[in-house]
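Hi everyone, thanks for coming. Let's have a look at a structure together, and please keep it open while I talk.

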Amino acid sequence: MTPKTTIENFRQAVIKNIGKPVCLHLKKGRKTIVINNCIIESAYKSIFVVTIEGESLINLSKLSVSYADLLTGNARITIQKGAKPA
């Protein structure tokens with residue numbers, strides 16, 4: 001039996017990786033947006049904030065993502081192991 005994934009599991013994983021560089025995949029309608037240079041800035045009760053480093057297709061410097069988006073698959077984060085944290 002596989003362990004049940006909950007929003008609290010995602011919250012704990014994000015809190016553990018604050019300050020680390022991540023790759024963020026967002027599903028917006030039919031399109032998937034990939035932002036390679038992000039850093040998890042802070043985590044709150046229902047959202048977390050990432051800072052976008054460099055240029056991306058979206059003209060934003062910060063982006064908030066809900067843990068529910070991670071649970072439903074509308075957003076996905078991947079920790080970048082080779083990059084050094086800022």
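Here is a warm-up: is T51 buried or exposed? T51 is buried, because its relative accessible area is 19%, and buried means under 20%, exposed over 50%, and partly exposed in between, using a 1.4 Å probe and protein chains only.

A quick word on the source: this is a predicted model, where local features need pLDDT of at least 70, side-chain atom pairs count only at pLDDT 80 or more, and totals for chains, interfaces and linings use all residues. Residues are numbered from 1 along each chain as its sequence is written, and side-chain values use heavy atoms, leaving out hydrogens and water.

Back to T51, which you will find in strand β3; strands are DSSP runs of E with at least two residues, helices are runs of H or I with at least four, and both are numbered from the N terminus. The side chains of T51 and E41 share a polar contact of 2.6 Å. For that term we need a pair of N or O atoms within 3.5 Å; within protein, one must be able to donate a hydrogen and the other to accept it, and residues adjacent in sequence count only if both atoms are side-chain atoms.

Now try K45, in the loop between β2 and β3. K45 counts as exposed, because its relative accessibility is 69%. Leaving out residues up to four places away in sequence, K45 touches R11 and Y67, where contact means heavy atoms within 4.5 Å. K45 and E8 are 37 residues apart in sequence, with their C-alpha atoms 9.4 Å apart in space.
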